[in-house]
Amino acid sequence: MTPSPPRYSLGTWTSSWPESLGLGAMAKSSSLNVRVVEGRALPAKDVSGSSDPYCIVKVDDEVVARTATIWRSLSPFWGEEYTVHLPLDFHHLAFYVLDEDTVGHDDIIGKISLSREAITADPRGIDSWINLSHVDPDAEVQGEICLAVQMLEDVRGRCLRCHVLQARDLAPRDISGTSDPFARVFWGSQSLETSTIKKTRFPHWDEVLELREMPGPPSPLRVELWDWDMVGKNDFLGMVEFPPQVLQQNPPNGWFHLLPFPRAEEDSGGSLGALRLKVRLTEDRVLPSQYYQPLRELLMESVLGPAEEDAASPLAVLEELTSGDCRQELATKLVKLFLGQGLAGPFLDYLTRREVARTTDPNTLFRSNSLASKSMEQFLKLVGMPYLHEVLRPVINRVFEEKKYMELDPCKMDLGRTRRISFKGVPSEEHVREASLGLLTGYLGPIVDTIVGSVGRCPPAIRLAFKQLRQCVEERFPQAEHKDVKNLAISGFLFLRFFAPAILTPKLFDLRDQHADPQTRRSLLLLAKAVQSIGNLGQQLGQGKELWMAPLHPFLLQSISRVRDFLDQLVDVDGKEEPGGPARALVPPSVTVREGYLLKRKEEPAGLATRFAFKKRYFRLSGEMLSYSRSPECQRCVGIAMVETAVQRRCHLESDGPGLQDSRNCQVDTHIAQMRGVNVPTPRHTPTGKLSLGTATPAPAPGRPGSDSPLSQTRSSMPVSHIRAVERVDEGAFQLPHVMQVVTQDGAGALHTTYLQCKNVNELNQWLSALRKASAPNPDKLAAWHPGAFRSAHWTCCLQAERSAAGCSRTHSAVTLGDWSDPLDPDAETQMVYRQLLLGRDRLRMKFLEDSTLDTTPEADTEKGSSATEGACPAALAHQREAAARLLEVLADLNQAHEEFQPQEQRKVAPGPLRP
């Protein structure tokens, strides 16, 4: 049965969907949110009686994250959080705790394995302490096997024919990083073996094994994979097993996930310590886009109405229903949804107007984690992250690299530590305080200077949103004694919820790859406290328990006066159009999403040793291009030239007309160009109505004369639209860790592979994720790939001799890390909103509809004094009931569509292989 589209159109809510609107397939979305909080009671692995623990996170045996190493601790605190976007068929999540050693291999402390079923048992996920268990080599299996089984019958009786075709992604058991696999098939009391394929994790057998049925009850089929060893016992690689009824009714045919031998879970009794973990899996089946259009229409309509009187719109219902982590996730989805529709400004204005209207004490304005506060906070992260990086990264890098000792709190001063650093005897507290004060102001000065001088570089969307916020607050609190409230509302978001948290935890804002060590963390905390005091505009200066911050007060007061002027300039922006402009991508194509040094393998390094075949190059990735050169300076000038060309193209002197769209696009490109260092004058309209733009010139790089342009240096690039796969490379391919490959296709259809090496597993995952997101819309993506390299006339992974041989492993384009650069997905975002609204459907019906069936006269309405409608006029009540009825109808149609699509999805899955 084909699901019926909604019964109403967007404009009139009466007619049906056009018959020409095609029905697509249901998409699938899955996200795993993992937080590695802390450990306790870990065993000591070093001779010093301590350990240097770190944690590795694996999803289906693929490393997706590595925490920082906490030195000399048996109770480490990590506090690291990851969001991983996954395909829906993942099986398990594992955490390995290891002790880092400078010499030799790291010691394994223990592991925690969580099955998909264990994670989804509670809709709220897992949030608890879990004991570590021993790592059993026989349980460390991975990969899949491809089988085709037939049950035959002849005059001699029943026969089972097992066609063992191939396996992929097997665990490496040998020191070379490969295995020597063979398969052993068991049916009843009989068993047969395949041949052994040497030195591969991707064996191709293509062998048929036949076993005759012996007298007795029906027997299951078990296929085991082993690694053959010349000396010692063979190593177990995994197994699959099928019960007799499956063999009779639906003989296995396809790929099957390998499992360990079934055994009781051994509890270490806490002898290996424990981890505190927070894990939550979010899964959704996303309908074809047209089914979400009515709900999107309702959401868009609601932000254009009177916010203060609204009680039955989707946003009002969501505001009442959600709380905590769920509210933050919802805020992110809503901001992205409205950004994609070009209505982020009205959306934020709607929520802030509701928040301001409810607030009676201005001192509590936006201090709670309301939907309005969370939405503005997520908006800043989504739109302003490049701006944040530009403002804070230079000083943050200095703090990490210089590692200066700073302390103002006498209770925390370590005079002996200062002596070890200075070698000039034990200094007094006053000496340490003065030295720390000089260092703090030396870091704070550039931060404040950069912030107050960044008005022109702040994204226009943020400036316009703050302008609306200030006007709303000023109208609500016009009294003279509340004159600072309008500025505090802005600085509270910009300084307290954006700049200060980024200074405190730079890794969470992509400012650093690793968390800070204890000394640097304390320095960052002092800087964050100072920035927080500046953001409070001195309201609580000298109050509370932190009186030891008093030596810093003169600098803070001076900075506060500068910040007030900065806030005035920040909201002094022309334009009443919606902040964010027309519907667009979250990250403009010309904006750099990732950059840094990588090692690139030469195209044909014949005769070169592996270590000489990789050369250091500076890479920069945008939504349009992956480019590289010898140095970042060359990349910068090339980027300036590209942005200049884009600006000139968009704001061409021969434009056919001004048009709001052209003006907005020109302003966006001009802003991007200015962030890149291009001196681009503000676009203006000529008297004839056409756009005019002066000459754009690249700003000279520091220390280099303009004539010595590095544009003459070698610089190469590949269009993102040409990327067909981005995957890991086995260590054995080049005997190097952390290598990835980018497979591109040229105009003639030929495939080319570029091999890149990263410095660690986290950098590898970040580049993989960024490249996969950038190339996500590309057509003709590869479904299979070679995780090895073609060397010595064969593929190192599967040993095939043809360079054009089909890939031996599945691609992982759906596996990405969630961050601020995630692409917009309006259907998945609307699905999440629908799921939240569904939780409040019954409450909405009881609140607005059930009582109204008794008496709908104005007199009856005024006599009913419910908490939701008390004091409302009859016209407002009627409007709220109408809005509630429309929302409930939309939810009912979406619910029906999900119910009707589900059997179709099950029928698609049914013929496939059974995965034990």
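In the predicted model, strands E10 and E11 form a hairpin in which two residues lie between the strands. One residue of the turn, Gly188, has a positive phi of about 65 degrees. Strand E10 spans residues 181-187 and pairs with E11 in the antiparallel sense, the two being joined over four bridges. Within this pairing, Arg184 has Glu193 of E11 as its bridge partner. E10 is also joined to strand E13 (residues 221-227), again in an antiparallel arrangement, here by seven bridges. Phe182 finds its bridge partner in E13, namely Trp226. Six of the seven residues of E10 are buried, so this strand is largely enclosed by the rest of the structure.

The hairpin belongs to an open sheet of four strands, arranged in the order E11-E10-E13-E14 with antiparallel pairing. Strand E11 (190-193) and strand E14 (235-242) are the edge strands, each of them pairing on one side only. On average, and with direction ignored, neighbouring strands of the sheet are turned by 20 degrees against each other.

Among the helical elements, helix H10 (residues 460-476) packs against helix H13 (residues 553-570) at an angle of about 100 degrees, and the two axes are 9 Å apart. This angle falls in the range of 65 to 115 degrees, and H10 and H13 are therefore roughly perpendicular to each other. On the H10 side, the contact is made by Arg463, Phe466 and Arg470. The H13 side contributes Leu567, Asp568, Gln569 and Leu570. By character, the residues of this contact comprise three nonpolar, one polar and three charged.

A further set of contacts involves Val452, a residue of helix H9 (residues 429-452). With a relative accessibility of 16%, below the 20% limit, Val452 counts as buried. When neighbours within four places in sequence are left aside, Val452 is in contact with Arg562, Val563 and Phe566. Val452 and Arg562 are 110 residues apart along the chain, and 7.0 Å separates their C-alpha atoms.

Burial was also examined for helix H3 (residues 293-302), which is mostly covered, with seven of its ten residues buried. The buried residues of H3 are Pro294, Leu295, Arg296, Leu298, Leu299, Met300 and Ser302.

Positive phi values also occur in residues other than glycine. Phi of His738 is near 60 degrees. His738 is located in the loop that lies between helix H17 (731-734) and strand E26 (739-745). With a relative accessibility of 26%, His738 counts as partly exposed, because this class covers values between 20% and 50%. Leu799 likewise has a positive phi, near 70 degrees. The loop that holds Leu799 runs between strand E30 (794-795) and strand E31 (809-810). Leu799 counts as partly exposed, with a relative accessibility of 34%.

With regard to cysteine chemistry, a search of the whole structure finds zero disulfides. Cys146 is buried, its relative accessible area being 11%. Cys758 also counts as buried, at 4% relative accessibility. Both values are under the 20% cut-off for buried residues.

At the level of the whole protein chain, the model contains 22 helices and 32 strands. The chain has 916 residues, of which 49% are buried. Among contacts in the protein chain with a separation of 6 or more, 70% are accounted for by residues 24 or more positions apart.

How values were computed: Residues numbered from 1 in each chain as written. Predicted model: local features only at pLDDT ≥ 70, side-chain atom pairs only at ≥ 80, totals over all residues. Heavy atoms only, no water. Disulfide = S-S within 2.5 Å. Buried < 20%, exposed > 50% of the residue type's maximum accessible area, 1.4 Å probe, protein only. Axes fitted to C-alpha atoms, helices over the stretch in contact; angles between N-to-C directions. Parallel < 35°, antiparallel > 145°, perpendicular 65-115°, else oblique. Contact = heavy atoms within 4.5 Å. Nonpolar A, V, L, I, M, F, W, Y, C, P; charged D, E, K, R; others polar. Pairing = 2+ DSSP bridges.
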